[in-house]
Amino acid sequence: MTTDYKKQPHHEFLSASQEALGKASLQIALSRLTDTLAAGNRSAFSALPDSDLLREKARSIKDHTLASLDTYLEQLSDSVISKGGQVHWAEDAQDVRNIILDIAQKKQVQRIVKSKSMTTEEIHLNDALEHAKLEVIETDFGEYILQLAKERPSHLVAPAVHKTREEIADLLESELQIPVTPEPEAMAKLARAQLRQQFQKADMGITGVNFAVAETGTIVLVSNEGNARLTATIPRIHVAVMGIEKVIPALKDLPVFIKLLARAATGQKISVYTSLVTGPRRTEEHVGPQEFHLVIMDNGRTDILGSPMRESLFCIRCGACLNACPIYRNVGGHAYGGTYSGPIGAVLTPLYDNLEDHHHLPHASSLCGSCQAACPVKIAIPELLVRLRASLNRQKLTPFVERLIYQTWAHTMVRPGLYRLASSFAGWLMRLGASGNWLTKMPGPIKGWTQTRDFRTPPKQSFRNWWKKQKNIPF
Amino acid sequence: MITCLADVLRPNVGKATVALLEHFGATVHFPEQQTCCGQPFFNSGVEKQTQQLAKHTIEVFADGRPVVTPSGSCAAMIRAEYPHVFSSSSPWHTRATELAGRTFELAEFLVHQLGVTTVDAQYDGTITYHPACHLRALQADNAVEQLLDQIKGTHCIPLRKSDQCCGFGGSFSVRYPEISGAMVNDKVSCIEETQADTVISTDTGCLMNIEGCLHRNNSKTQTMHFAELLATGLNLI
Amino acid sequence: MDSFTHDSSDTKNAFLHRVRQATVKGRSFRVTTPDSFPDQLAYVGASPSPLHCIKRELELVGAQVYCLSGKTEVQDCMNQVLEKRAPQSVLSWTHPVLEKYEIRSLLHEQHVTLCSPDDQNTDRRFNAEMGISSVDWAIAETGSLIVCSKPEQPTDVSLLPPVHLALVEETQILPDIFDLFTLLESQELPSNLGFITGPSKTGDIELKLTTGVHGPKELLVFLIESSPSSP
């Protein structure tokens with residue numbers, strides 16, 4: 001089985017989003033998902049005492065950790081080793097792939113099971129493993145479906161939201177050659193049976209990491225299905241891959257995040273399974289992995305850490321900003337063209353990948369702020385997007401005409417006389433082109449505006465002219 | 001501060017604002033050199049021009065009086081963003097922070113600064129209220145509701161998905177008209193569900209966007225700025 | 001140590017050096033947060049009582065709860081469960097609570113094959129029809145069962161079988177997640193500590209809640225009230 005997770009070299013947010021807007025089944029699925037999850041987020045936070053201050057606390061823990069990140073990573077590494085685990089340091093995606101391939105080769109691994117991990121998605125791990133003739137199975141139900149369909153996840157916590165039950169049933173039938181009715185129950189039962197065989201055969205389990213506790217060398221895995229727990233328990237080798245930003249200092253910090261994560265993501269008080277994994281199985285134990293490997297990955301994060309975009313490293317990947325975002329709600333995850341979608345994806349994809357190829361993303365926001373309001377660690381996403389927009393201008397990645405327009409506009413605006421002249425001229429021009437008081441078509445770059453809207457022409461007398469008349473100030 | 005959009009597109013909002021402020025005992029000054037706070041430039045990441053306009057605005061409002069504006073987004077621009085526009089070592093940073101500390105959105109100024117808790121206003125009609133997104137940034141979102149509740153004769157119907165953006169977002173609506181269009185269509189269908197005569201908001205940008213879509217859909221629902229509603233209710237305009 | 005750790009100290013040092021430089025640079029971009037936080041921040045606790053609260057929360061997350069008191073009630077209920085479900089084989093812990101209610105002999109009487117913690121036959125473990133365990137703690141606030149891996153408490157008991165039955169005594173219940181972490185401060189962590197809150201769930205197909213795609217499809221909990229007479 002090959003998985004085509006290759007990213008498009010230049011993803012056209014514009015055309016992809018238009019396509020998404022035209023797909024009725026996707027529109028229904030998106031509004032159902034985001035309405036449910038966003039409402040869950042709001043009610044869960046309002047029901048939790050001091051939730052706002054708890055979010056501030058989570059934020060302060062993240063900020064504090066990043067201010068001594070090197071120390072905490074070293075401590076984490078020491079703790080993991082003292083518990084019998086092994087630690088690997090990966091500067092980039094290639095390093096992670098090599099490290100895992102190396103372990104697989106040395107330990108005669110043939111079959112690998114994975115539980116949903118955005119980090120491994122980010123580094124296109126499956127491609128590399130399959131290329132090395134290893135069998136890799138995604139075990140999260142949604143991810144399993146997507147692996148069969150050779151598609152990418154479109155939501156952080158509901159990766160297959162873009163597919164209908166009929167599409168999934170057809171897919172399972174044709175890929176597995178087993179008939180199944182398009183009922184979620186029946187399909188889940190089929191998947192359970194299939195994946196159980198995979199778990200029993202697997203030599204290695206690969207997971208991501210939700211949190212890593214420096215003090216104790218514990219990695220924390222959160223899931224609702226239990227596949228992360230299986231992946232970290234059944235195969236003889238467990239490899240966990242984490243970005244450097246996943247570390248938290250101490251065990252006492254963990255309940256702060258546990259209380260926030262599920263509430264933010266789905267509105268649950270806690271996800272069904274939260275596992276604290278501290279090293280491999282102990283010598284007297286018969287169940288659990290015999291080896292535990294932790295891969296600590298940079299992949300561009302240190303560049304972000306030392307920049308004004310640092311706050312983006314607070315993200316705990318809950319997906320709350322996606323559900324809250326009116327743009328995501330309309331276009332879905334695939335339009336963003338990266339591993340991460342929604343508002344945080346519009347920040348992370350240009351940072352992790354590059355700004356030039358993703359120049360559409362920082363502007364794919366009305367800056368309404370609902371992402372920040374829903375975020376369990378209150379990341380100032382609108383502010384970060386504006387910073388990226390500024391980088392686009394500084395690197396001259398915005399069209400020349402656009403920059404010229406802004407220059408001329410500002411030139412006018414700092415000259416009140418010129419501003420008055422220009423605004424009355426514009427008003428006159430608009431009244432000239434209008435039918436009645438309304439413009440139904442506008443030219444040039446603002447043409448799109450009038451596809452759905454009319455524009456009311458300005459009245460003849462502006463406020464400032466009225467004011468002057470009122471106060472008898474001569475013109 | 002009238003804001004450039006209201007100055008040109010909805011001068012009535014300015015008139016209503018002046019009338020309200022005077023009615024509640026304030027003396028209104030209108031520095032005529034004012035133009036734009038620089039928000040469109042800031043939002044587009046045009047740093048140099050943002051600074052130019054911020055400096056211009058800081059100079060225009062240098063006299064130390066409270067600055068009141070009938071727009072949550074312009075107030076948020078000055079209050080939340082101005083201090084970040086200049087590096088903390090720049091003298092402009094100090095001046096920006098000073099201005100930020102005395103800039104208010106109209107409803108918030110009436111309630112929290114002038115202490116207006118009761119208004120004897122009457123407006124017969126059914127309305128629905130779209131809270132502009134920037135009130136989130138100001139954390140002042142209940143001042144408007146507090147005053148709306150006081151207007152006699154007004155039946156306010158709750159708006160579904162009220163806190164969802166109307167899709168304007170300044171340059172966003174020009175860059176991504178399809179997505180912005182889908183958002184405003186969604187907003188307008190929620191407004192039409194309420195069957196209200198009038199939709200109220202606090203930002204000229206949102207109102208311009210929403211009224212444009214309502215008009216395109218031949219809707220009977222009118223748009224009104226919060227200031228216009230309150231001033232009408234008090235028989236001030 | 002394995003051979004692939006060669007050069008690892010160089011790699012590690014170079015890595016941490018880069019992180020250190022970025023960390024220092026990043027300190028100019030720290031965010032403002034409150035200086036201190038109240039001690040009991042976001043402590044939910046259990047009201048009206050831990051037992052009431054955990055029952056409510058367990059039922060909310062889809063567990064089947066049996067409130068019991070005394071050995072006879074526990075054994076009767078266990079017999080009913082076994083009769084109704086007629087499992088051929090059961091995975092189980094070895095645990096004082098299970099011993100106290102003589103679960104092992106009860107299973108024996110019902111002719112159920114017991115797969116003990118040290119049985120290493122994976123087929124038997126994978127094919128067991130029920131897992132029976134106690135808990136290390138339970139959390140009233142969220143209805144979570146806390147299970148620590150130990151030789152006599154294998155993780156897979158609460159993971160592989162389609163039905164998981166847990167015996168929880170009132171004294172094992174903590175009010176809030178924070179209480180658990182206070183206790184853990186002074187303990188050595190096991191290789192695996194699991195929070196289990198309800199049966200395995202997914203909403204991956206059209207958001208339709210479906211149970212048992214990976215973990216147990218059913219979670220049964222015996223909540224055993226402490227009576228003044230029992231020790």
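**Exercise 1. Find where the confidence of chain A stays under 50, and say how that stretch should be read.**

Solution. In chain A, pLDDT (the predictor's confidence in each residue, from 0 to 100) stays under 50 over residues 1-9. For these residues the model has 14 contacts beyond four places in sequence, a contact being two residues whose C-beta atoms, placed from the backbone, lie within 7 Å. Where pLDDT is low, the predicted coordinates should not be read in detail. Chain A as a whole averages a pLDDT of 93, and 97% of the residues score at least 70.

This is a predicted model, in which local features need pLDDT of at least 70, side-chain atom pairs count only at pLDDT 80 or more, and totals for chains, interfaces and linings use all residues. Residues are numbered from 1 along each chain as its sequence is written, while chains are lettered from A and ligands numbered from 1 in the order in which they are written.

**Exercise 2. Determine which chains touch, and describe the sides of chain A.**

Solution. Start with the pair that does not touch: the nearest C-alpha atoms of chain B and chain C are 12 Å apart. Of the two pairs that touch, chains A and C have the most contacts.

Next, take chains A and C. Chain A gives 85 residues to this contact and chain C gives 66 residues. Helix α3 (residues 51-67) of chain A supplies the largest share of the side of chain A, ten residues; helices (H or I, at least four residues) and strands (E, at least two) are DSSP runs, numbered from the N terminus. That side of chain A has 37 nonpolar, 21 polar and 27 charged residues. Here Ala, Val, Leu, Ile, Met, Phe, Trp, Tyr, Cys and Pro count as nonpolar, Asp, Glu, Lys and Arg as charged, and the others, Gly among them, as polar.

Then take chains A and B, where the contact uses 49 residues from chain A and 52 residues from chain B. On the side of chain A that touches chain B, α18(A) gives the largest share, five residues. The residues of this side divide into 27 nonpolar, 17 polar and five charged.

**Exercise 3. Locate the strands that join chain A to chain C.**

Solution. Strand β9 (residues 273-277) of chain A and strand β9 (residues 192-196) of chain C run antiparallel and are joined by five bridges; two strands pair if DSSP finds at least two bridges between them. Within this pairing, Leu276(A) stands opposite Leu193(C).

**Exercise 4. Work out the order and the edges of the open sheet in chain C.**

Solution. The open sheet has six strands with parallel pairing, in the order β1-β12-β7-β4-β2-β3 (chain C). β1 (64-69) and β3 (113-115) of chain C are at the edges with a single partner strand each, so one side of each has no neighbour in the sheet. At the β3(C) edge, three bridges join strand β2 (residues 89-92) of chain C to β3(C), and Leu91(C) has Cys115(C) as its bridge partner.

**Exercise 5. Describe the fold of chain B by its numbers.**

Solution. Chain B contains 13 helices and six strands. Its C-alpha trace spans about 55 × 45 × 25 Å along its principal axes. The radius of gyration, taken over C-alpha atoms, is 18 Å in chain B, which agrees with the value near 18 Å for a compact globule of 237 residues; the globule rule is 2.2 Å times the number of residues to the power 0.38. Of the 237 residues, 59% count as buried (20 or more other C-beta atoms within 10 Å of the residue's own, with C-beta atoms placed from the backbone).

Definitions and conventions:
A residue is buried if 20 or more other C-beta atoms lie within 10 Å of its own, exposed if 12 or fewer, and partly exposed in between; C-beta atoms are placed from the backbone.
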